[in-house]
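Visitor: I am new to this structure. Please show me how to read its features, one at a time.

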Amino acid sequence: MNRESYSAGVKAYLCRKTAYEVGLGKTPPDSMVKKCDKCCALAFFYGVTLFSRRLSRETMTLSIDNEELLEICTYIMIHHFLAKPDVRQTERGGKVKFEVSFGRDLVGHELSYMLDDEEKDFSFACVCERCPEFFVRGAFLSAGTLSDPSLDYRVEFLLKDMSGARALSDFLGEAFSPKTVKRKSDFVVYVKGNERTEELCTAMGAQKAALDIITASIEKQTMNELNRSCNCEAANMRKTVNASVQLRLAIQKLRDEGRFDMLPDDLKETALLREQHPDASLSELSRMTEGALTRSGINHRLKKIIELAEE
């Protein structure tokens, strides 16, 4: 699954959740979802507005490509701003978009001022402790994408101006360590890494996505540990095979040169034991001596046989 399709699924859930919380939807997407206060609905609307709007002298126009998000925004406009939004549907390159226009004064002089100000500060949009969740969620639904956690851990916000990118980065703060990069004519604020991405998803109410990230992280960690274990086991096996081959060649060389029968009895005994049990481990060979030799003692004798063959 690519980033766009995974993001689309997360956004669909967040739209259903937000619709119920602001009073539009009648059925919650899950049992944990509760109605929100008016300030949270406005914080959500501001999050959408700040990243999808176009200003003129008298009006503000939102560009929205998600019909569910359109319904939520128009509902908030009508019920909280007493606005009568003008909705137009457009299509470009086979993609449907909606433009929602309304009187600029309806969102209040403070928001209009903040939209025009080059040194933006988004803290004004948050009144209660839940408002930041709704503000970031609105920003994500308007301008964000989330990578499929099976591929990457990354949330991006695509913005049109540097001042907005800087303000969003400041709003997210040190807790998420956001970075900003320019991509063509746009600015991208992004959060990466499994822990920070999971925490950001939790912070904007996308708990299912957060759980997907945790699950993917555990699976990747398990696979990495399994690969390391397999690689270590394979390395040990190669080492054992190489040592076995080296020993057999050493014993054969000693026989060919007539020196095998001249070996000390303890070395000859160990060589014969190894020949009789070529696949046994050193610990197994030690047990075959009924405790007379330790594992390290067996290993020492085998190394001595190789050294003598190389003389």
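Guide: Start with a salt bridge, meaning a side-chain nitrogen of Lys or Arg within 4 Å of a carboxyl oxygen of Asp or Glu. Here, the side chains of Arg259 and Glu257 form one, at 2.8 Å from N to O. A word on the source: this is a predicted model, where local features need pLDDT of at least 70 and side-chain atom pairs count only at pLDDT 80 or more, while totals for chains, interfaces and linings use all residues. Residues are numbered from 1 along each chain as its sequence is written, and side-chain values use heavy atoms, with hydrogens and water left out.

Visitor: Are Arg259 and Glu257 buried, partly exposed or exposed?

Guide: Buried means under 20% relative accessible area, exposed means over 50%, and partly exposed is in between (1.4 Å probe, protein chains only). Arg259 has 23%, so Arg259 is partly exposed. Glu257 is partly exposed too, at 44%.

Visitor: Which residues are joined into one network by salt bridges that share partners?

Guide: Glu21, Arg130, Glu133 and Arg137 are joined that way. A search of the whole structure gives 10 salt bridges. One of the links in this network is Arg130 with Glu21, whose closest N and O atoms are 3.4 Å apart. That pair links distant parts of the chain, 109 residues apart: Arg130 is in the loop between α4 (109-116) and α5, and Glu21 is in helix α1 (residues 3-22). Helices are DSSP runs of H or I with at least four residues, strands are runs of E with at least two, and both are numbered from the N terminus. Arg130 is partly exposed at 29% relative accessibility. Glu21 is buried, at 2%.

Visitor: Which residue forms a salt bridge with Arg183?

Guide: Glu156 does, with the closest N and O atoms 3.1 Å apart. This pair also links distant parts of the chain: Arg183 lies in strand β7 (residues 179-183) and Glu156 in strand β6, 27 residues apart. Arg183 counts as partly exposed, with 37% relative accessibility. Glu156 counts as buried, with 6%.

Visitor: Now rings. How many aromatic pairs does a search of the whole structure find?

Guide: It finds 2 aromatic pairs. Rings of Phe, Tyr and Trp (its six-membered ring) pair if their centres lie within 6.5 Å; planes under 30 degrees apart are stacked, over 60 edge-to-face, and the rest tilted. Phe135 and Phe171 have ring centres 4.8 Å apart and planes at 50 degrees, so this pair is tilted. The pair links distant parts of the chain: Phe135 is in helix α5 (residues 131-143) and Phe171 in helix α6 (residues 162-172), 36 residues apart. Phe135 is buried at 0% relative accessible area, while Phe171 is partly exposed at 23%.

Visitor: And Phe140 with Phe157: stacked, tilted or edge-to-face?

Guide: Their ring centres are 6.5 Å apart and their planes at 80 degrees, so this pair is edge-to-face. Phe140 belongs to helix α5 and Phe157 to strand β6 (residues 154-159), 17 residues apart. Phe140 is buried, with 0% relative accessible area. Phe157 is buried as well, at 1%.

Visitor: Which ring does the charged end of Arg154 sit over?

Guide: A charge sits over a ring if NZ of Lys or CZ of Arg is within 6 Å of the ring centre and within 35 degrees of the ring normal. The charged end of Arg154 sits over the ring of Tyr190, 4.0 Å from its centre. Lys220 lies over the face of Tyr153, at 4.2 Å from the ring centre.

Visitor: What about the backbone? Which sign does phi have in Ser177?

Guide: Most residues other than glycine have a negative phi. Ser177 is not a glycine, yet its phi is positive, about 45 degrees. Ser177 lies in the loop between α6 and β7. Ser177 is partly exposed, with 26% relative accessible area. Lys184 also has a positive phi, near 60 degrees. Lys184 lies in the loop between β7 and β8 (186-192), and is exposed at 79%.
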